[in-house]
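Here's a quick tour of the protein in front of you. Have a look at the model, then read on.

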Amino acid sequence: MDGCLTEIRTFYSLKELRETTEAEITQNKMLLEDYSQWLGSLLRKPESSKDMEWTKKAAELQKLFKTGGKTAKKENKKANTPTEWVQFRDIMLCADNIGEAEILFEAIEELKSKIDKLEKARNSVADLEKHGLGKDLLYIVYMHDGVPERIYLKPKNVDVASKFEFAADFSVLKQAEP
């Protein structure tokens with residue numbers, strides 16, 4: 001992942017913007033698949049079945065994971081799974097075995113939401129392309145967490161060559177002949 005959560009990027013065409021959004025969708029889907037497999041293997045771990053409390057919590061999380069983990073169920077999950085998270089300054093720490101599953105579950109939920117936003121943005125850009133929005137425009141895009149949220153349409157400067165004209169005077173010293 002980029003690490004840059006908020007940025008402003010300039011695109012020279014809607015096609016370029018759409019392709020960038022599609023690449024972001026692909027990247028997030030691969031990450032979602034990786035996290036889903038990681039969570040699935042964690043929930044099926046045979047050594048975790050020794051701890052009955054862990055098994056109970058894992059079953060609840062797995063049930064939520066299969067149903068899509070809607071917001072109301074997420075609140076229910078927190079009430080039913082009293083995992084020991086401790087506040088240390090601005091972050092939370094956990095040494096409970098179920099903590100790993102909880103952060104994976106939350107990451108998966110966030111990725112699903114982001115992919116949904118990206119797909120909606122891609123569809124909007126594709127519709128703008130279909131309607132033939134200006135070819136002589138620059139698209140200055142406000143992106144939050146990789147998702148295009150706002151586009152400023154700016155006319156391209158047609159006379160760019162005259163704006164960046166190079167002018168220089170050179171002086172050469174003439175060497176004296178002996």
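## Burial and surface

Buried residues account for 28% of the 178 residues in the protein chain. Keep in mind that this is a predicted model. About 13,100 Å² of the protein chain is exposed, and carbon and sulfur atoms supply 54% of that area.

## How far to trust it

The average pLDDT for the protein chain is 80, and 68% of the residues score at least 70. The stretch to watch is residues 70-81, where the pLDDT is below 50. Beyond near neighbours in sequence, residues 70-81 have 13 contacts in the model.

## Overall layout

The secondary structure of the protein chain adds up to five helices and five strands. Read from the N terminus, the elements go β-α-α-α-β-β-α-β-β-α. Of the contacts in the protein chain with a separation of 6 or more, 65% are between residues 24 or more positions apart.

## The nonpolar cores

Which residues make up the largest nonpolar core? There are eleven: Leu31, Leu32, Leu39, Leu42, Leu43, Ile98, Ala101, Leu104, Ile108, Leu111 and Ile115. Both α1 (14-43) and α4 (98-130) put in at least two residues each, and α4 gives the largest share of this core, with six. As background, nonpolar side chains in soluble globular proteins tend to be buried together.

There's also a second core, separate from that one, with eight residues. Among them are Leu17, Leu137, Tyr139 and Val141.

## The β4-β5 hairpin

Strands β4 (residues 137-144) and β5 (residues 147-155) run antiparallel and are joined by eight bridges. Leucine 137 sits opposite proline 155 in β5, and Leu137 is also one of the residues in the second core.

Two residues lie between the strands of this hairpin. Aspartate 145, in the loop between β4 and β5, has a positive phi of about 55° even though it is not a glycine. Is aspartate 145 buried or partly exposed? Aspartate 145 counts as partly exposed because its relative accessible area is 29%, and the partly exposed class runs between the 20% and 50% cut-offs.

## Another positive phi

Arginine 89 is not a glycine either, yet its phi is positive at about 55°. You'll find arginine 89 in the loop between β2 (85-88) and β3 (91-94). Its relative accessible area is 71%; exposed means over 50%, so arginine 89 is classed as exposed.

Terms used. Residues numbered from 1 in each chain as written. Heavy atoms only, no water. Core = buried A, V, L, I, M, F, W, Y, C linked by side-chain atoms within 4.5 Å. Buried < 20%, exposed > 50% of the residue type's maximum accessible area, 1.4 Å probe, protein only. Helix = DSSP H or I, 4+ residues; strand = E, 2+ residues; numbered from the N terminus. pLDDT = per-residue confidence, 0-100. Contact = heavy atoms within 4.5 Å. Pairing = 2+ DSSP bridges. Areas by Shrake-Rupley, 256 points an atom, 1.4 Å probe, with all protein chains shown as cover.
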